[in-house]
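Here are my notes on the structure, set out as numbered points for someone meeting such a model in their first year. Please keep the picture open while reading, and look up each residue as it comes.

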Amino acid sequence: MRTFSTVEGLPVIEQASGIECGHVLDVLVDRGERISGFVIDKKGWLNHHLFLPIGAVASFGYDGVMVENFKDVYRYDRKNHHAHPLKLGKRRLQGISLLTTEGEKVGLVEDVYFDEEVGTIVGYEVTDGLVADLVDGRKVVKTKGPLVVGKDRAIVSI
């Protein structure tokens with residue numbers, strides 16, 4: 001199990017050549033159930049972001065995300081992706097209120113826990129604010145079903 005914060009900023013490297021194409025910028029969550037892939041900040045000026053599907057990842061390391069071949073990485077177009085970004089765009093998840101299906105507020109989403117083998121989301125790290133984090137620590141909410149993302153809040157079954 002891995003969190004997005006451990007992947008964010010890592011270089012994306014092709015195994016066969018050792019060439020780096022950029023760094024992980026964001027994660028895309030598909031219908032609240034699984035990670036569909038990652039947005040890559042391509043190296044260089046005036047370059048477009050790239051999309052790395054979760055299935056194209058050969059392995060996640062502490063120092064890089066390995067892909068077998070860059071042919072699986074392609075230009076990212078926000079309009080053609082129906083997944084929700086964790087940090088980018090209008091429907092971001094980080095910082096949004098998380099409620100249960102029973103109407104109880106759990107906290108604000110800080111991070112996403114996912115199974116790195118298949119990309120299934122297994123839980124969310126939530127915060128109640130800085131003071132609560134210092135006193136009690138952050139909570140991890142394990143999910144039973146898909147996340148529903150609205151404009152101001154997200155709803156999950158726990």
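1. The accessible surface of the chain comes to about 8900 Å², and carbon and sulfur atoms account for 51% of it. Please bear in mind that this is a predicted model, and that every value in these notes was computed from it. Of the 158 residues of the chain, 42% count as buried.

2. In terms of secondary structure, the chain has two helices and 15 strands. If one takes the contacts between residues at least 6 apart in sequence, 43% of them join residues at least 24 apart, and several of the points below give examples of residues that are separated in sequence but brought together in space.

3. Strand β2, which covers residues 11–14, is a good place to begin looking at side chains, since P11 and I13 point one way from this strand while V12 and E14 point the other way, and all of them are buried. On one side of the pairing, β2 is joined by three bridges to strand β3 (residues 20–30), and the two run antiparallel; within this pairing, I13 has E20 of β3 as its bridge partner. The hairpin of β2 and β3 has five residues between the strands, and there G18 takes a positive phi near 80°.

4. The same strand β2 also pairs with strand β7 (residues 65–67), in the parallel sense and over three bridges, with V67 of β7 as the bridge partner of E14.

5. Which residues have the most contacts inside the largest nonpolar core? This core has 35 residues, and those with the most contacts inside it are I35, F38, L52, V65 and L98. Domain 1 (2–85) and domain 2 (96–156) both give residues to the core, so it lies between them. To follow one of these residues further, take L52: leaving aside its neighbours within four places in sequence, L52 is in contact with V12, G37, F38, I40, V57, V65, V67 and V73.

6. A search of the whole structure finds four aromatic pairs. In one of them, the rings of F60 and F114 have their centres 5.9 Å apart and their planes at 70°, and because planes over 60 degrees apart count as edge-to-face, this pair is described in that way. The pair links distant parts of the chain, with F60 in strand β6 (residues 57–60) and F114 in strand β11 (residues 105–114), 54 residues apart. Both F60 and F114 are buried, and together with F38 they form one aromatic cluster.

7. Is H48 buried or partly exposed? H48, which is placed in the loop between β4 (34–42) and β5 (50–53), has a relative accessible area of 44% and is therefore partly exposed, as this value falls between the 20% limit for buried and the 50% limit for exposed. Apart from its neighbours within four places in sequence, H48 is in contact with K42 and R75. H48 and D77 are 29 residues apart in sequence, yet they are 8.7 Å apart in space, C-alpha to C-alpha.

8. I121, which lies in strand β12 (residues 121–127), has a relative accessible area of 6%, and because this is under 20% the residue counts as buried. I121 and K142 are 21 residues apart in sequence and 8.9 Å apart in space, again taken from C-alpha to C-alpha.

Terms used:
Residues are numbered from 1 along each chain as its sequence is written. Side-chain values use heavy atoms; hydrogens and water are left out. Rings of Phe, Tyr and Trp (its six-membered ring) pair if their centres lie within 6.5 Å; planes under 30 degrees apart count as stacked, over 60 as edge-to-face and the rest as tilted. Helices (H or I, at least four residues) and strands (E, at least two) are DSSP runs, numbered from the N terminus. Buried means under 20% relative accessible area, exposed over 50%, partly exposed in between (1.4 Å probe, protein chains only). A nonpolar core is a set of buried Ala, Val, Leu, Ile, Met, Phe, Trp, Tyr and Cys residues joined through side-chain atoms within 4.5 Å. Domain bounds come from an automatic or database domain assignment. Contact means heavy atoms within 4.5 Å. Two strands pair if DSSP finds at least two bridges between them. Accessible areas come from the Shrake-Rupley method with a 1.4 Å probe; for residues, only the protein chains shown count as cover.
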